[in-house]
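Here is a short tour for anyone meeting this structure for the first time. Have a look at it first, and then we'll walk through it piece by piece.

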Amino acid sequence: MTAIEKTIDSTLESACQSKTLVCDGNEAAAWGVALSRPDVIAVYPITPQSSLVEYVSQFVAEGIIDAELMNVEGEHSVLSALQGAALAGARTYTATCGPGLAFMFEPYIRTPGLRLPIVASLVTRDTLTPQCVWGGHQDAMLVKEAGWIQMYCETVQEVLDTTVMAYRIGEHPDVMLPVNVNSDGNYLSYGVTGISLPAAPLVDAFLGEKNVNWHAALDPERPMAIDPLTGGAGGPGPKMFVNYRKGQTDAMQNALRVIEETHKDWGDRIGRHYSPLVEEYRLADADYAIVTIGSMTGAAKDAVDEARDRGEAVGLIKVKTFRPFPVAAINRALNKVKAIGVVDRSVNFGWNCGPLYQETIAAAQKLQRFMPSASFIGGLAGADITVEHFSEVIEDTAKLLKGHSYDEPVWINRND
Amino acid sequence: MPHCKYLIIGSSHAALEAVSAIRMQDTEGSLTMITRDSHLPYSPTVLPYVVSGRSKADNVALRDQSYFEQHAVEFVTNRSLSSIEPDCNTAVLDNGDRWQYEKLLLATGASPIIPPIPGLDKVKHLVLRTLEDAVALRDASQKAKKAIVLGAGLVGMHGAENLAEAGLEVTIIEMQTQVLPGYFDPQAAQMIQSAFDQHGINMKMGHKAVSISPQSSDQQNTGCRVELDSGETLDADLLLVSTGVRPIFDYCSGSHLQTDQGILVDNHMSTNQKNIWAAGDVAQAKDFYSDTKVTTGILPDAVEQGRIAGMAMSDDPSLKNYSGGVPINTYTFYGQQAISVGTSDSSSGPLNGEPTDKLEIELTVDSDKGYFQKIIFKDNRLQGISGINAALDPGIMWQLILRRIDLGAVKKEFVAQPLETGRRLMSGTWR
Amino acid sequence: MGIGYNTITFNQDKCDGCGDCMLACAQAKAGSDDIVHSRIQILTTDQPSGDPQASDSGAIELAMCRQCGDPKCVSNCPAAALTKNATTGTIDWHADKCVNCLLCTVGCAFGGITYNAEIGHVTKCDSCDGNPACVKVCPKGALEYNTSGSIYNRISDKDDLFVPGLSACQGCNSELLIRHTLRNVGTNVVVATPPGCIPGMGTVGYNGKTGTKVPVFHPLLTNTASMLAGIKKQYNRVGRDVTMLALAGDGGVGDVGFQSLSGAAERNEQQLFMCVDNEGYMNTGMQSSGSTPAGSWTSTTPVGKEMQGKRTDAKNMAKIMMMHNCEYVATASLAFMDDYYEKLDKAIAASKHGFAYLHVYAPCPTGWRFPAADTIEVCRKQVESNFVTLWDFTPEQGLRFTRSTDNPIKMAEYLKQIGKYRHLSEAQVEHLQRRVNDQVRSLKAFEQLTEVS
Ligand SMILES: Cc1cc2nc3c(=O)[nH]c(=O)nc-3n(C[C@H](O)[C@H](O)[C@H](O)COP(=O)(O)OP(=O)(O)OC[C@H]3O[C@@H](n4cnc5c(N)ncnc54)[C@H](O)[C@@H]3O)c2cc1C
C-alpha cells in the first residue's frame, strides 16, 4: 500500500499514540520526522528515497506534520532552503542519496561550517557509473569528510528512533552540527517489519524545548553578518579561520559524548536501548571478530551464531556512529580480539580496500600491537550479503589467526 | 564673560553672507552677531527707495527673527564695538561688555564722509546710510521746497532724483566735472547728466562748496546758504551730504590691526591679527587689476568678501582666494539703465598708463536713442564693459573678466551682441 | 541633510535649436509670441569658432535660472525681493519688494535673472509650479523635468544601512545602488549577497565584522533564491513579515545561479531578487558571463587574431524572468533614478506576495574600461541607445515600457565611450545594432499584447 492510499489521522497526537505499526524504513523515517516536529521540510525525490518524501508530504497534507513543505527544483536548493530556514531558527528536515547527494554537495559541505543542526536522511545508494538505482554506501562514504555526523541504522525501528535522536544530538549546544541518519537503500528503505511507534508526548519530553536559533542567525531584531570573508595571510583572517575550524572539530568530538547521552536517555524514556557508537556482539570470549556497518549486521549476527555453534570463537563489532569515528569505543572492542575481518558496502579506491576497513585499522594503530586484518567488499548495487556470505567471511578471517595474510580485498558477490 | 565661537560685528550684507557661509559648514558652533543698528538687518542700498516711498521702512528686512532661531544665531542690536584686544581674543562693546571670541569678523561697513566745509557743522544737514537717515530725509523732503545735494556719486544722484520727484527744486554740487566717476567715462556720464538736466535738476559740475551758513531768513534754522568757489551762493531748506563714505574702524585703535583706508586683509579676508577677519565696505582688499589694495564700497563685493570670510572662519575646505575687487554698478535713473562692470575709462583708474596699443576699445553710441556701449579689451580679454540702455548680463560680464576668458575668436560677435555671446560663452563654461 | 529639488535639465546633444521652448515660455508667462519674454533662452551661433580653447565650440547653449542651492542673486538683493523657496526649490521673485536695482543680475553668471526692458523689471524662471511649459513642448526631449531630487528628500533622513567606506572600485555603480536600495527597504530585511563585487566590496564584512546594519549573509553563488526562500518560510511560519532581498551579480543570476532562481520564481517565493548586471564576472577579474554582450572584450574572451571578443550574444534575463510570470519584473538604470525608485517601491510591495525581480544595469568602470567619473553617463547612454530598455511587467498589466524606445541615439555613441568595445569592427557594431533592434521589436510585441488585453 502506498502512502497516498492510506488514511491517516490528522494530528500528530492522535496519530502517534504508543502502538505497533507494520512499515518499511522509509515510512519509519517519516514517522521519526513527524515526531520531531520540524518547521521546514524541503524535498526532491530520488530512488530509493522517494517514498520517504512521499510519506512526509502525505503527513503534511494530512496535518500530522505541521511544517512548511518546500517542493523545490533540486537537491541543491533543498539543502540551501533548509540552510536559510535554519538560519531563521527553523528545525529542518530532508532526505536524499546518491546523485542527489552529489548535486547537493556544494551546500552540503558548507552546512557544518554554518553550524546548522539540519537532519538529513541518507537512504544510501551506490554511485554512478555503471548506472544503478540500488543500495550501497558509496554515496555516504564519499562525504565522510564534509563534517556531518553520520549514524548508520541496522533496523527499521532504529531508523525511526535515530531520526528523532538526531535532532537532539545536532541541536545540542556543544555540538551544533548537521546529522545524517543513514539507512540502507532497498534493505531498510523497502524492508517491512513491525515496529513500535512511541507516543508523541514521550518524544516531546525527550526533545525538550525547541531552540534552534540561539546562535548566529539572520534576524532583523539582532542584525549580524553571516559568514563575512576571512582575509588571507598577513591579517587576522587565517587565525580566525583556523580557530573556527578547530571549534568545529571540537564539536565533532563533543558529539561522541552527546550521542551516548542521547541514546541512553532515549532508552530510559522509550525503553529501546542501542549501542550508540559501537556494538559488541559475542565478543567477550572471542579470538577474532568481523566488523560490520548498517543493515548487513543482521545476517552477520546469524552467521556468527552459526559459527559459534560450530565452536568458532568469533564475535562481531558493529559501527553505528561512523562520523565522528569512535576511536576509543572501537579500540575497546578490538582490544578483545586478535584478528578482524571488516565488511564494507563501498570501496576506497585509494587504498584498495573498504573505507570502514581503512578507518578501523587506523584506529587499531593506537592499540600498539599488530592486528591481522582483512577487507571484505560486498553488497554493492543492492547485492545481498547472505548468511552464507558471512560464513565465508568468518572462515576467511579465521585464516588470519593461522598466519594467512591478504594483499587485496576479498570481493563478495562476485560470483552470485 | 560672554563667549562665542564666531563673533560677527555688523548686520548687513558682509555679515549676513558670512553667517550663511559659516552655517553651511558648522551648524552648531555658537555664533553671535552684534550691530549698532536697532533694526532687523537691512541694506543701505535699499534706502533711496525708502526715501521715494517705493519700499516701506518696515518691509525691507533681509532676515526675520525666525532665521536667527533656525540657524542658532544670537542677534544683539543697539551695541557697538568700541575696541579689540586681539591678544586675549576679546572684543569690548560700548557698554563695557567684554566678549570672548574664537573667531571675529569685522563687517562694520562705512559711514558718510562729512567734508570739512566751514560752517557745515553749524547747519542742519542730512545723510543717507541708515534707516533712520532715510526716514528723516523722507520726512524732510515732504516739508522742504529747495534742496542742495553735495556730491554726484550714487547716493547723491539717487537722492537728487528722489527729491526732484517729490517736487523739490534740486541742485547738485559736484567737485568733479562728471557724475558717477569711476563707473562711467565722461561721455556716458554726460548722457546720464543730461537726463538730470532735462528733469530740471540744476547740475553744478566742477564746483566746490567753500562755506555754508544758516539761512538768515529762516526762523526754525532748517535752511542754509551754500557758497561755491565761483562766489555764487545757493539757498536751500534741505541739505543732503553725499560726498562719499569712509570705512568704520575707529575701534581698531590700540589693537595693532593694520589699517589704511580700511582694514587691510589678505585673500582670505584675514587681518594681520590672528582669529580676526574683515569683509565688506570696511575692508581694504586686493584689487583685481593691480597689486594695490582698495576699498570698493559696493554690495556685490561685500557679499563676495563676506562669503570668503565665513568660509575661512569655519575652515570650509572649498575655500578659494578672493579674486580681487572689480568696480560694478547697476544704476537706474528716470527709467533708464546704466550698467558698468570693470574698468570704464582707460584714462583713469588701473588701466591708466597702459600702453594704448595693448588696449582695444569698442565704442557704440546712439545719443538719440540714449544708447551707449563701451567695451575695453586687453590681450583679447575683457577689462570692462559699460552701457546705458544696452542689454547685458552684469553677472556674466563679471565672470568673463574674473576668469580672464580669451574672447579672441568671438570678439566681433561679442561686440555686436554682448548679451547673447556672453550667455553662450558662460553656458559652455559652466557645463 | 540638504534637500533635493526637481529641476529642468537640458540635454545639449538633443537640442536642434528650434526655439519652441522659448515660444511656449513667452506664451505661458506673458501671453505673447515675442521670445523676449521667454525666461529660457536657447543660444545658437552661426559662426562656431572651432577652437575648443575659446570655450565656444559652436554648440547650442542655454541661459536660464539654475535655481541655485546657494543663490547669489538672493544674497545680492538689497530689498529681500528674492527668496529661495524651501519647499519647491525655486527662487521666487516678489514684485512688491523689488526696487529694480538690478543687483541680482550682478550675482547671476548664468543669465538666469535678467532685466526685461519691455516690462521694466527682472524676470526669471519659476518652473511653472512644477509643470514647466518649455519641457512639454520640446520635440526632441532635450528639455526634461528631472524629478529625482524628490528621491533625496524621501531618503535623506533614512539611515544609510551600509558602512561608510565600502571598498568598491572608484565610480562603482553598485555601491550607489545598494545604499539607495537599503535606505529605502529599511531595517526589517534579510539581505543575501552571493559571491561577487557586492560582498567583495565588504557588504557582508571582513574578518568577523559586518558591513551592514541589517542581517546580511553570503549565500553560495548558486543558491541565493533558495536560501532566501527558506528564511522567508520560517518567518512566515512564526508570523513575522520580513523582507527578503537578494543583491546578486549577473553570474549568480543568469548562469550558475539560474536554476535556484528559476525554481524560486516558479514557486512564487516572496522575495525581491535584484540582479546587478555588470555583464560579467568582474570581481574575479572580468571574465565573460552569459550576460556579456557579443563582441565584448573580457579576460576570457580576449581580442586577438583568432577571436575578437565574445562570440555569442547575451541572454536577456529580465525577459526570461518575465516568462516565469513573476509577481513583478522590471529593468532599471541608475541614470534614471526616479524610474528606479518607482520600480523599487513596486518590487518591495510585490515581494510581500510573491517573486519580484529587478534587473539593474550596472556599467563597471574597471571591467568595461571607462573613466570612473563617466559611470552615470554610460548608464544613460546605455538606455538612450536602446542597448538596454526600461520596462516593467506584472501578470495583470503585462509589459509596459517606462521610457520610450523611440528616437534612440546611435549605438556607436554608446559603444565609443567603453574600452571593452574599442576593437569592434563595423560588422560587429552592426550585429549589436541588429540584436538591439530585435530585442526592442520583441519587447514591443509583448507590449502590444498588453495593449490588446
Ligand atoms: C544710499 C546707498 C545706495 C547704495 N547703492 C548701491 C548700489 O546701487 N550698488 C552697490 O553695489 N552698492 C550700493 N551701496 C553700497 C552698499 O550698500 C554697501 O557696499 C554695502 O551695504 C556694504 O555692506 P557691508 O556689510 O560691508 O556694510 P554696511 O552695509 O555698511 O553695514 C555695516 C553694518 O555694521 C554695523 N556697524 C557699524 N559700525 C559698528 C560698530 N562699531 N559696532 C557694531 N556695529 C557696527 C552697522 O550698523 C551695519 O549693520 C549703496 C549705499 C548707500 C548708502
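## Where the ligand sits

A quick word on terms before we start: the domain bounds used here come from an automatic or database domain assignment. Keep in mind, too, that this is a predicted model.

So where does the ligand lie within chain B? Both domain 1 (3-45 + 60-111 + 246-313) and domain 2 (120-243) of chain B give residues to the shell around the ligand, so the ligand lies between these two domains. Chain B isn't alone in this, though: residues from chain C also surround the ligand along with those from chain B, so the site is shared between chains.

## Who makes up the shell

The ligand has 33 residues around it. The closest are Ser12(B), Thr45(B), Leu81(B), Arg129(B) and Asp281(B). Sorted by class, the shell has 17 nonpolar residues, 11 polar ones and five charged ones.

Some helices of chain B show up here as well. At least two shell residues come from each of α1 (13-25), α5 (154-165) and α7 (299-313) of chain B. Which one gives the most? That's α7(B), with three residues.

## Polar contacts with the ligand

Now for the close-up view. Two of the residues to look at use their backbones: a polar backbone atom of Arg36(B) is 3.1 Å from a nitrogen atom of the ligand, and a nitrogen atom of the ligand also lies 2.8 Å from a backbone N or O atom of Leu81(B). Asp281(B) uses its side chain instead, with an N or O atom there 2.8 Å from an oxygen atom of the ligand. On its own, the ligand has 990 Å² of accessible area, and the protein covers 95% of that.

## A look at Gln417(C)

Let's move over to chain C. Gln417(C) is found in the loop between α15 (411-415) and α16 (426-452) of that chain. Is Gln417(C) buried or exposed? Its relative accessible area is 16%, which means it counts as buried, since the cut-off is under 20%.

Leaving out residues up to four places away in sequence, Gln417(C) touches Arg369(C), Phe370(C), Glu377(C), Val378(C) and Lys381(C). Ala133(C) is another story: it sits 284 residues from Gln417(C) along the chain, and their C-alpha atoms are separated by 34 Å.

## How the chains meet

Finally, the chains themselves. Two pairs of chains touch, and the pair with the most contacts is A and C. Chains A and B do not touch, and their nearest C-alpha atoms are 33 Å apart.

Terms used:
Residues are numbered from 1 along each chain as its sequence is written. Chains are lettered from A and ligands numbered from 1 in the order in which they are written. This is a predicted model: local features need pLDDT of at least 70, side-chain atom pairs count only at pLDDT 80 or more; totals for chains, interfaces and linings use all residues. Side-chain values use heavy atoms; hydrogens and water are left out. Helices (H or I, at least four residues) and strands (E, at least two) are DSSP runs, numbered from the N terminus. Buried means under 20% relative accessible area, exposed over 50%, partly exposed in between (1.4 Å probe, protein chains only). Contact means heavy atoms within 4.5 Å. A residue is near a molecule or strand if one of its heavy atoms lies within 4 Å of it. A polar contact is a pair of N or O atoms within 3.5 Å; within protein, one must be able to donate a hydrogen and the other to accept it, and residues adjacent in sequence count only if both atoms are side-chain atoms. Accessible areas come from the Shrake-Rupley method with a 1.4 Å probe; for residues, only the protein chains shown count as cover. Ala, Val, Leu, Ile, Met, Phe, Trp, Tyr, Cys and Pro count as nonpolar, Asp, Glu, Lys and Arg as charged, and the others, Gly among them, as polar.
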